[in-house]
Amino acid sequence: MEKPEIKIGDTYFMFDTNRRVYERDENGRAKGGPTFRGHFYEVKVNDETARSWLVGPYNVKVPKKDPWLVLYTPEMIDEKEWVQVHRYSIARAVDTVRDPVVLRKIAELVGYSPSAE
């Protein structure tokens, strides 16, 4: 996925583990745990220094060297959410594989190599 060039005025998202947004039922009551997507909040690039972008309402410094450690585009959030939602189920499905040919293919895909065969 190609990451855009950052400019002042652009809008991105940041992740905050303490920010919790819950799915609601028809009566407005929270149900289940917090949604993964709800941990993200919108920030705007306000200004820049020689080394940082200043984002959000409090001008948080985001390093220009690698801003994508903390800034996310909607597409990046979609990708992270897919991994978050499906990783556990995929791991459980792999745990049930008994066919050595299939398991060797999975091992190759994930870069696993047994230390001794």
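This is a dialogue on reading a predicted model, from its sheet and hairpins to its core and its helix.

Trainee: How do strands of a sheet pair?

Mentor: They pair through backbone hydrogen bonds, in a parallel or an antiparallel manner. Here 4 strands make an open sheet, ordered β1-β4-β5-β6, with antiparallel pairing.

Trainee: Which strands stand at the edges, and why is one side of each left without a neighbour in the sheet?

Mentor: The edge strands are β1 (11-15) and β6 (60-63); each has a single partner strand, so its other side has no neighbour in the sheet. Neighbouring strands of this sheet are turned against each other by 50° on average, direction ignored.

Trainee: Over how many bridges do β4 and β5 pair?

Mentor: Strand β4 (residues 40-48) and strand β5 (residues 52-55) are antiparallel partners over 3 bridges. Valine 45 stands opposite valine 55 of β5. Between β5 and β6 the antiparallel pairing runs over 4 bridges, and leucine 54 has lysine 61 in β6 as its bridge partner.

Trainee: What do β5 and β6 form, and which residue in the turn has a positive phi?

Mentor: They form a hairpin with 4 residues between the strands, and glycine 56 in the turn has a positive phi of about 80°. Asparagine 59, in the loop between β5 and β6, has a positive phi of about 50° although it is not a glycine.

Trainee: Are asparagine 59 and tyrosine 58 buried or exposed?

Mentor: The reading rests on relative accessible area: under 20% is buried, over 50% is exposed, and values in between are partly exposed. Asparagine 59 has 38%, so it is partly exposed. Tyrosine 58 lies in the loop between β5 and β6 as well; its relative accessible area is 72%, which means it is exposed. The C-alpha atoms of tyrosine 58 and valine 43 are 9.7 Å apart, with 15 residues of separation in sequence.

Trainee: Where is the bridge partner of glutamate 23?

Mentor: It is in β3, and the partner is lysine 31. Strand β2 (residues 22-24) and strand β3 (residues 30-34) pair in the antiparallel sense, with 3 bridges. They form a hairpin with 5 residues between them, and glycine 28 in its turn has a positive phi of about 85°.

Trainee: Back to β4. In a regular strand, where do the side chains go?

Mentor: They alternate between the two faces of the sheet. As for exposure in β4, take glutamate 48, which belongs to that strand. Its relative accessibility is 36%, so it counts as partly exposed.

Trainee: What does glutamate 48 touch, leaving out residues up to four places away in sequence?

Mentor: Ile8, Trp53, Leu54 and Lys64. Isoleucine 8 is 40 residues from glutamate 48 along the chain, yet their C-alpha atoms are separated by 7.5 Å.

Trainee: Which residues of the largest nonpolar core touch the most other members?

Mentor: That core has 16 residues, and Ile6, Tyr12, Val55 and Leu71 touch the most other members. At least two residues of the core come from each of β1, β4, β5 and α1.

Trainee: What is tyrosine 12 in contact with, leaving aside neighbours within four places in sequence?

Mentor: The residues in contact with tyrosine 12 include Pro4, Ile6, Tyr41, Val43, Val45, Trp68, Leu71 and Thr73. Threonine 73 lies in the loop between β6 and α1. It is counted as buried because its relative accessibility is 7%. Not counting residues up to four places away in sequence, threonine 73 touches Met1, Pro4, Tyr12 and Trp68.

Trainee: And aspartate 66: where does it lie?

Mentor: Aspartate 66 is also in the loop between β6 and α1. With 34% relative accessibility, this residue counts as partly exposed. The C-alpha atoms of aspartate 66 and valine 85 are separated by 26 Å, for 19 residues along the chain.

Trainee: How should the residues of helix α1 be read, and what should they span?

Mentor: In general, an α-helix has 3.6 residues a turn, so residues three or four places apart point the same way. For the span, use 1.5 Å a residue: the 22 residues of α1 (residues 74-95) should cover 32 Å, and the end C-alpha atoms are 32 Å apart, which agrees.

Trainee: Where is the kink in α1 centred?

Mentor: On histidine 86, with a kink of about 45°.

Methods:
Residues are numbered from 1 along each chain as its sequence is written. This is a predicted model: local features need pLDDT of at least 70, side-chain atom pairs count only at pLDDT 80 or more; totals for chains, interfaces and linings use all residues. Side-chain values use heavy atoms; hydrogens and water are left out. The expected span of a helix is 1.5 Å times one less than its number of residues. The bend at a residue is the angle between axes fitted to the seven residues ending there and the seven starting there. Two strands pair if DSSP finds at least two bridges between them. Axes are lines fitted to C-alpha atoms, for helices over the stretch in contact, and angles run from 0 to 180 degrees between N-to-C directions. A nonpolar core is a set of buried Ala, Val, Leu, Ile, Met, Phe, Trp, Tyr and Cys residues joined through side-chain atoms within 4.5 Å. Buried means under 20% relative accessible area, exposed over 50%, partly exposed in between (1.4 Å probe, protein chains only). Contact means heavy atoms within 4.5 Å.
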